[in-house]
Amino acid sequence: MESTRTKIIHLLSSNEKTYVSGQELSDRLHISRSAIWKHMKELEKDGYLIEAIRNKGYRIVKSPNKLSENTVQWGLHTDWLGKNVVHKESTPSTQQIAHQLARDHASHGTVVIADEQTAGKGRLNREWHSAKNKGIWTSLILRPAILPYLAPQITLLTATVLADVFKKELNLDPKIKWPNDIMINDRKVAGILTEMQAEQDQIQYIIIGIGINVNQEMNELPEDIQQKATSLRATSEKEYDITSLIQRIFVHFEKVYAEYETYGFPIIKERWESYGYRLGERTTIKTMKETSEAVLVGIAEDGALLAQYDNDSIKKVYSGEIDWFPNR
Ligand code: BTN
């Protein structure tokens, strides 16, 4: 159940530039005008800056500089993504909470966000360091109407969303390393972990876990990954507002998801390949069976990497070790 305060924030958020009168709030929430006034005082204690003008009403001028369900939703202009936000100050992993919520029928677009994860999960059972208030640690619950074998498309889509936001809104130069690492200056800045619950021909839900190193200084990244990881701050020497970055990602995600629903995977494939890390370069591919050399040329509909061999044949690579630095 939404609290009265959350409802007030929603009502004020949908009218960011205009004022909402005390009478309107009181009518819509079925509480007295003096109760509304008391809630406004509580919101101010939480760090909201609220303007109250006689005969006009209330307006939120600024939200507090910390993550919460309310601050993420205030000023978030999406139709379905982030309409339900679950925020935790600390949790083992947002993935776990998202699975539970999805099993309990949480709607498409519900998101879980944490300030800190104590047991963040990376791909291939690796650990994902998620320091308090230093990054974006979020899991999105999606219920796409696609066949389970096409689920990797949603991961690839997510990678293009992150790359677009870093490039177009933060002026950085991201690349996507197959399958879904976001790289800046040859170092990983963000990763995506997709988990799914499905039957043979139907997806029940997909959880897209997104981890972005945002405001860590280089020496704040764990030692074991310092050679290969970075943060947005370390690459640009700028600090970022985490809430506003989350909102930009959600808004852009919704836009790209709508394009995907309308036009299908080809537009995602084209965009992914435009960001593809070291595409067109010759690499060594080690699988269980053999080690071979090939040029990486793109991605397939099912998310596989396409490798072109010397006899011009193109094969799909689903897993295996790819040596991205054959000359180093
Ligand atoms: C990778 O290995 O590259 C994927 C990293 C995914 C990390 C995110 S952080 C939010 C969500 N919760 C987790 O425990 N993992 C994902």
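UniProt positions follow the numbering used here, feature names are shortened, and an annotation may be inferred rather than shown by experiment. With that in mind, let's walk through this predicted model one selection at a time.

**Stop 1: the annotated stretch.** Select residues 66-261. An unreviewed UniProt entry gives this span the feature "domain: BPL/LPL catalytic". Here the chain is 30% helix and 28% strand, and the C-alpha atoms at the two ends are 33 Å apart.

**Stop 2: three domains.** Now colour the chain by its domain assignment: domain 1 covers 4-62, domain 2 covers 69-275 and domain 3 covers 282-322. Show domain 1 and domain 2 together. Their C-alpha centres lie 32 Å apart, and the contact takes 9 residues from domain 1 and 6 residues from domain 2. How much area is buried between domain 1 and domain 2? About 700 Å², with carbon and sulfur atoms giving 56% of it.

**Stop 3: inside domain 1.** Select helix H1, residues 4-13. Its buried residues are Thr6, Ile8, Ile9, Leu11, Leu12 and Ser13. To see what covers them, add helix H2 (22-29), helix H3 (33-45), strand E2 (57-62) and helix H4 (69-73), which are among the covering elements. Next, select residues 22-41, which UniProt lists (unreviewed entry) as "DNA-binding region". This span is 85% helix and 0% strand, and its end C-alpha atoms lie 13 Å apart.

**Stop 4: the open sheet.** Switch to a cartoon view and find the 7 strands that form an open sheet with mixed pairing, in the order E3-E4-E5-E9-E8-E7-E6. Why do E3 (85-91) and E6 (174-177) stand at the edges? Each has a single partner strand, so one side of each is left without a neighbour in the sheet. From one strand to the next, the twist averages 20°.

Start from the E3 edge. E3 and E4 are parallel partners, joined by 6 bridges, and Val86 stands opposite Val112 in E4. Is E4 enclosed or open to the outside? Of its 7 residues, 6 are buried, so E4 is largely enclosed by the rest of the structure.

Move on to E5 (residues 135-142) and E9 (residues 202-213): these two run antiparallel and are joined by 8 bridges. Click on Gly135 and look across to its bridge partner in E9, Asn213. Then add helix H8 (residues 242-263), which packs on the sheet and touches E4 (111-117), E5 and E9. The direction of H8 makes about 30° with that of E5.

**Stop 5: some loops to zoom in on.** Select Trp178 and Pro179. The peptide bond from Trp178 to Pro179 is cis, with omega near 0°. Pro179 is in the loop between E6 and strand E7 (181-184).

Go next to His105, in the loop between helix H5 (94-103) and E4. Its phi is near 75°, a positive value in a residue other than glycine. Arg278, in the loop between helix H9 (266-275) and strand E10 (282-286), is not a glycine and also has a positive phi, about 60°. Which is buried and which is exposed? With a relative accessible area of 71%, His105 is exposed, whereas Arg278 is buried at 18%.

**Last stop: Gly320.** Find Gly320 in the loop between strand E13 (314-317) and strand E14 (321-323). Gly320 is partly exposed, with a relative accessible area of 40%. Finish by showing Ile285 too: Gly320 and Ile285 are 35 residues apart in sequence, with their C-alpha atoms 6.8 Å apart in space.

Terms used
Residues are numbered from 1 along each chain as its sequence is written. This is a predicted model: local features need pLDDT of at least 70, side-chain atom pairs count only at pLDDT 80 or more; totals for chains, interfaces and linings use all residues. Side-chain values use heavy atoms; hydrogens and water are left out. Helices (H or I, at least four residues) and strands (E, at least two) are DSSP runs, numbered from the N terminus. Buried means under 20% relative accessible area, exposed over 50%, partly exposed in between (1.4 Å probe, protein chains only). Contact means heavy atoms within 4.5 Å. Two strands pair if DSSP finds at least two bridges between them. Axes are lines fitted to C-alpha atoms, for helices over the stretch in contact, and angles run from 0 to 180 degrees between N-to-C directions. Domain bounds come from an automatic or database domain assignment. Buried area is the accessible area (1.4 Å probe) that two parts lose on being put together, summed over both.
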